[in-house]
Amino acid sequence: MDSSSTRRQATRAKLYEAAVTLIAEQGFSATTVDEIAERAGVAKGTVYYNFKSKTELFEELLRHGVSLLTASLRAAAEETDERGGSRVDALDAMIRAGLVFIDRYPAFTQLYVAELWRTNRAWNSTLLVVRQEAVAVVEGVLREGVAAGELSEDIDVQLTAAALVGMVLVAALDWQAFQSERSLDDVHAALSRLLHGRVGGR
């Protein structure tokens, strides 16, 4: 990768961070390009050099953030498989990976969850696509578990995958907002018990 590409990626990362923090704080409509540029420490023209509009910046932000989450979930599943763990072990590792991601990017997670409930946004189709990318990773592990006989054939793979992702998102946000005294290990242990009791049981 050449130096210009590296610089552009670094600039985009600063713009993503500035945008997600501001939009989480005050909403999309109230956040201006000037504020994003100021928070990122760049000129306003730099924003438009990288993105055609504030809407495009936000769409790319969603893609960027969810792609990081998806990569974390996939890596957790692959690492578990390499160690010879079961599919339930992989799901458990994915829960932890999700919590680690949310703990690292709380503003993005708050924003992402809020946007899931809005249906009148210009980026709604983008949001649905990136959401499915993350859920599909969990669906894949569930299907493998059913095929291997580790999980019940009666489970609804699509709905169960969505439920597991939703459980992690909502539990983590509740943890950060109302139970911040808990450790990540504590929250993971609670969700792990739920996983083994409800999904892993035959």
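This report walks through the overall build, the largest pocket and the salt bridges of a predicted model.

## Overall build

Let's start with the whole chain. The protein has nine helices and zero strands, and its pattern along the sequence reads α-α-α-α-α-α-α-α-α. If you trace the C-alpha atoms along the principal axes, the protein spans about 60 × 40 × 30 Å.

How much of the chain is buried? Of the 202 residues in the protein, 40% are buried. The accessible surface amounts to about 10,800 Å², and carbon and sulfur atoms account for 50% of that surface. Contacts also reach along the sequence: when you take those between residues at least 6 apart, 67% join residues at least 24 apart.

## The largest pocket

Next comes a spot you may like to find on the structure. The largest pocket holds about 250 Å³ of space. Its lining is made up of Tyr112, Val113, Leu116, Trp117, Arg131, Val135, Ala162, Val165, Gly166, Leu169 and Val170. By character, these lining residues split into nine nonpolar, one polar and one charged.

Which helices build this lining? At least two residues each come from helix H6 (106-116), helix H7 (124-147) and helix H8 (157-178). H8 gives the largest share, with five residues of the lining.

## Salt bridges among the first helices

How many salt bridges does the model contain? The count comes to eight. One of the pairs is Glu25 with Arg39, whose closest N and O atoms are 3.6 Å apart. Glu25 sits in helix H1 (residues 3-26) and Arg39 in helix H2 (residues 33-40), so this salt bridge ties together parts that are 14 residues apart in sequence. The partners can also be described by their accessibility: Glu25 is exposed because its relative accessible area is 53%, and the cut-off for exposed is over 50%. Arg39, at 44% relative accessibility, counts as partly exposed.

Helix H2 takes part in another pair as well. Lys44 forms a salt bridge with Asp34, and the closest N and O atoms of this pair are 3.6 Å apart. Here Lys44 belongs to helix H3 (residues 44-50) and Asp34 to helix H2, so the pair links distant parts of the chain, ten residues apart. Both partners are partly exposed: Lys44 has a relative accessibility of 38%, and Asp34 has one of 43%.

## A salt-bridge network around Arg87

Further along the chain, Glu144 forms a salt bridge with Arg87, with the closest N and O atoms 3.3 Å apart. What does this pair tie together? Glu144 is in helix H7 and Arg87 in helix H5 (residues 87-104), so the bridge joins parts that are 57 residues apart in sequence. Helix H7 has already appeared in this report, as one of the helices that supply at least two residues of the pocket lining.

Arg87 and Glu144 do not stand alone, since Glu150 is linked with them in a network of salt bridges. Is Arg87 buried or exposed? Arg87 falls in between and is partly exposed, with a relative accessible area of 21%; the cut-off for buried is under 20%. Glu144 is likewise partly exposed, with a relative accessible area of 42%.

## Arg96 and Glu79

Two more residues are worth a look. Arg96 lies in helix H5 and is partly exposed, with a relative accessible area of 31%. Which residues does Arg96 touch, leaving aside its neighbours within four places in sequence? Arg96 is in contact with Leu184, Asp185 and His188. Compare the position of Ala76: Arg96 and Ala76 are 20 residues apart in sequence, and their C-alpha atoms are 8.5 Å apart in space.

Glu79 has its place in helix H4 (residues 54-82). Glu79 is partly exposed, with a relative accessible area of 44%. From C-alpha to C-alpha, Glu79 and Ala163 are 23 Å apart in space, with their positions 84 residues apart in sequence. Ala163 can be set beside Ala162, which is among the residues that line the largest pocket.

Definitions and conventions. Residues are numbered from 1 along each chain as its sequence is written. This is a predicted model: local features need pLDDT of at least 70, side-chain atom pairs count only at pLDDT 80 or more; totals for chains, interfaces and linings use all residues. Side-chain values use heavy atoms; hydrogens and water are left out. On a 1 Å grid over the protein atoms alone, a cavity is a set of points where a 1.4 Å probe fits but cannot get out, and a pocket is an open set with protein on both sides within 12 Å along at least five of seven lines; lining residues have an atom within 4 Å of a point. Grid points are joined across faces, edges and corners, and a volume is the space filled by probe spheres set on the points. Helices (H or I, at least four residues) and strands (E, at least two) are DSSP runs, numbered from the N terminus. Ala, Val, Leu, Ile, Met, Phe, Trp, Tyr, Cys and Pro count as nonpolar, Asp, Glu, Lys and Arg as charged, and the others, Gly among them, as polar. Buried means under 20% relative accessible area, exposed over 50%, partly exposed in between (1.4 Å probe, protein chains only). Contact means heavy atoms within 4.5 Å. Accessible areas come from the Shrake-Rupley method with a 1.4 Å probe; for residues, only the protein chains shown count as cover. A salt bridge is a side-chain nitrogen of Lys or Arg within 4 Å of a carboxyl oxygen of Asp or Glu.
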